[in-house]
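This report describes selected features of one protein chain. Look at the sequence and the structure below before reading on.

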Amino acid sequence: MFKNFIWVWVFFALVVLSACGSPKESKSIEGEYPQENVSEVPTDIEKNEGGDEGYEKSNDSTLGISDGRAEDYLVQIEAPDTIKIGQTGELSVWIGFEDFQPAVGSGSFSTETLPAEAGNYAKIIPKAPGFELDRDEYKCMKIFPKGSSVVFNLKPKEQGTYPISVIVEVYSENGCLGTPIPRASRGLNIVVVVDKERESQERKDSLWSIFWDKFNVFFGSLLVVIFGFIIYMINKFLKKKTGYNGREPDN
């Protein structure tokens, strides 16, 4: 009976201890993890996701990828400052994004901007009075972000200073179809000079050609006279030897 009494007290002690420990544990959990803070966690996650999306869009825009913002095309024309008569110069036209703008040589250049949303195809029409061009226009060129270029050959007609420029017609359809958006570049001045060495050589060649032509005429006439005189002397010699005077004998 004594043993049974001890087990009753042990069971009662365990019940009291468990009842006292439960409120403390619950209070500790509530203090470490308040209910109102737990509800704020999804809000912070939404903000981070939104920030990541915005960062990706920013990276795309720096690469020139269409994300609602179109970068302007840059049109650069380049030509030599001077061209000598008899020689050929080059008019270079480049279109692309400014980040890929090519280096300029020793000649003159000018730049102009084009709205990229206008289209990706262009017709190039050079304006170069005072020069002979290898072609009147470049019918259709696809514009790539890293740049597209075309070259026209310039052959000056005479000495002087002449302005040159280009008209760029931008199209949205392949084959340069539809209504274009034109844009004229700023002009460049090219000085056409006389090549003195070349001119001197041309004069020498011209004088030699004239002399040779005259000499041929003179030499041909001289040969006619000489051969005529030789024939005359031969004829006279034969008449003297044979006594033939070219008359019929009398009957």
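Ser-110 is buried in this predicted model, its relative accessible area being 8%. Its place is in strand E4. Once residues up to four places away in sequence are set aside, Ser-110 touches Val-75, Gln-76, Ile-77, Arg-186 and Leu-188. With Arg-186 there is also a polar contact: a polar atom of the Ser-110 side chain lies 3.0 Å from the backbone oxygen of Arg-186.

Arg-186 takes part in a salt bridge as well. Its partner is Glu-112, and the closest N and O atoms of the two are 3.9 Å apart. Glu-112 belongs to strand E4, while Arg-186 sits in the loop between E10 and strand E11 (188-193). The two residues are 74 residues apart, so the pair links distant parts of the chain. Glu-112 is partly exposed, with a relative accessible area of 21%. Arg-186 is also partly exposed, at 49%.

The count of salt bridges comes to two. The other pair is Glu-137 and Lys-139, whose side chains meet at 3.5 Å, N to O. The accessibility of the residues in these pairs is set out below.

| Residue | Relative accessible area | Class |
|---|---|---|
| Glu-112 | 21% | partly exposed |
| Arg-186 | 49% | partly exposed |
| Glu-137 | 27% | partly exposed |
| Lys-139 | 60% | exposed |

Lys-139 counts as exposed because its value of 60% is over the cut-off of 50%. Glu-137, at 27%, is partly exposed.

Strand E4 is also part of a sheet. How many strands form this open sheet, and in what order? There are five, arranged as E4-E1-E3-E8-E6, and the pairing is antiparallel. Strand E4 (108-114) and strand E6 (131-133) are the edge strands, each of them pairing on one side only. From one strand to the next, the twist averages 25 degrees.

At the E6 edge, three bridges join E6 to strand E8 (residues 148-156), and these two strands run antiparallel. One residue pair can be named here: Phe-131 has Pro-156 in E8 as its bridge partner.

The loop that leads from strand E7 (138-142) to E8 holds Ile-143. Is Ile-143 buried or exposed? It is buried, with a relative accessible area of 3%. Neighbours within four places in sequence left aside, Ile-143 is in contact with Tyr-73, Ile-95, Gly-119, Asn-120, Tyr-121, Ala-122 and Ser-148. Ile-143 and Ala-116 lie 27 residues apart in sequence, and their C-alpha atoms are 9.5 Å apart in space.

One further loop residue concerns the backbone. Most residues other than glycine have a negative phi. Cys-176, although not a glycine, has a positive phi of about 55 degrees. This residue lies in the loop between strand E9 (160-171) and strand E10 (181-184). Cys-176 is classed as buried because its relative accessible area of 9% is under the cut-off of 20%.

To return to strand E4: this edge strand contains both Ser-110 and Glu-112. Ser-110 is buried, whereas Glu-112 is partly exposed. Arg-186 is a partner of each, through its backbone oxygen for Ser-110 and through a salt bridge for Glu-112.

How values were computed. Residues are numbered from 1 along each chain as its sequence is written. This is a predicted model: local features need pLDDT of at least 70, side-chain atom pairs count only at pLDDT 80 or more; totals for chains, interfaces and linings use all residues. Side-chain values use heavy atoms; hydrogens and water are left out. Two strands pair if DSSP finds at least two bridges between them. Helices (H or I, at least four residues) and strands (E, at least two) are DSSP runs, numbered from the N terminus. Axes are lines fitted to C-alpha atoms, for helices over the stretch in contact, and angles run from 0 to 180 degrees between N-to-C directions. Buried means under 20% relative accessible area, exposed over 50%, partly exposed in between (1.4 Å probe, protein chains only). A salt bridge is a side-chain nitrogen of Lys or Arg within 4 Å of a carboxyl oxygen of Asp or Glu. Contact means heavy atoms within 4.5 Å. A polar contact is a pair of N or O atoms within 3.5 Å; within protein, one must be able to donate a hydrogen and the other to accept it, and residues adjacent in sequence count only if both atoms are side-chain atoms.
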